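Biologist: Could you take me through one part of this model up close, the sheet, and then show me how the rest of the chain looks around that part?

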Amino acid sequence: MNRKSPMTSSSLPPGQREYPSFDRFGLGLFANRLTKVVNELNLTIDGNVANAIVLHKAQLDILPRTEIEADFHCVTTWSVRNIKWSGFRFIDFYEHIVKPQCKPNAGHSFVVLKAQDGYQVSMQLEDLLRDDVLLADCLNDKPIGLDHGAPLRLVAPKHYGYKNAKHLSAIEFRSNNKGYRFPFPYPNFMDHPRGRVEFEERATLLPLWIIRPLYRLLQPGARKKCLKALRKYNSAKKQIL
């Protein structure tokens with residue numbers, strides 16, 4: 001296991017407020033879609049590659065494991081400190097699985113991360129190849145539950161939480177963003193091309209003086225909806241068992 005130094009800061013980034021707990025959070029459209037998620041990894045790698053493949057957990061386990069401790073920053077202005085993740089560095093996954101097995105074509109600089117529940121988000125390949133970006137399967141020394149992205153999720157600490165896609169089902173390499181859009185009916189401006197916390201890249205087109213209070217206003221309703229859906233899912237699961 002490779003252990004990295006804590007990637008935390010003594011001060012919060014601009015516009016962020018510390019939140020006391022790390023709860024499931026996301027767009028309201030996906031709150032009730034946990035029933036579509038299975039805790040089994042079938043990860044498709046396709047797009048601008050010579051060979052598309054489907055990976056299972058055992059095939060990822062050949063990679064060295066890495067553990068990081070990092071702060072988590074949601075684009076809606078809340079943050080949680082000192083979260084411990086472990087899994088596989090994206091750069092190791094790219095160098096030891098994607099390149100030799102999929103043989104990416106030239107110019108594959110744009111990546112779309114797709115989830116089992118239908119969510120998708122874009123990332124730049126150069127951002128994914130940072131040393132601190134993981135395909136994570138453990139949270140705080142335990143296997144990640146469905147509430148936080150099982151069976152596998154992206155963890156990119158330098159990027160807002162919405163870029164950290166949960167329940168990964170496919171990674172698509174592209175040469176450009178032609179034909180890509182943020183999940184309908186949410187507007188494309190919500191998906192910044194980079195989404196870096198350091199530069200407060202919360203969205204495109206709209207200025208921060210609008211985005212910050214708007215996202216902060218929407219936060220309680222989204223949090224309530226996600227927690228309600230999770231309780232409903234867990235209750236139904238207990239009845240089946």
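Modeller: Sure, let's go straight to the open sheet: five strands in the order β4-β3-β12-β7-β8, with mixed pairing. This is a predicted model, where local features need pLDDT of at least 70 and side-chain atom pairs count only at pLDDT 80 or more, while totals for chains, interfaces and linings use all residues. Residues are numbered from 1 along each chain as its sequence is written, and side-chain values use heavy atoms, leaving out hydrogens and water.

A strand here is a DSSP run of E with at least two residues, and a helix is a run of H or I with at least four, both numbered from the N terminus. Two strands pair if DSSP finds at least two bridges between them. In general, strands of a sheet pair through backbone hydrogen bonds, either parallel or antiparallel.

Back to our sheet, the open one with the order β4-β3-β12-β7-β8. Its edges are β4 (53-55) and β8 (120-124), each pairing on one side only. Further in, β3 (residues 43-47) and β12 (residues 168-174) run parallel, joined over four bridges. Look there for D46, which sits opposite E172 in β12.

Now zoom out: the protein chain has four helices and 12 strands in total. Its radius of gyration (over C-alpha atoms; the globule rule is 2.2 Å times the number of residues to the power 0.38) is 17 Å, which agrees with the value near 18 Å for a compact globule of 241 residues. Buried residues (under 20% relative accessible area, 1.4 Å probe, protein chains only) make up 51% of the 241 residues.

Note on methods. Buried means under 20% relative accessible area, exposed over 50%, partly exposed in between (1.4 Å probe, protein chains only).
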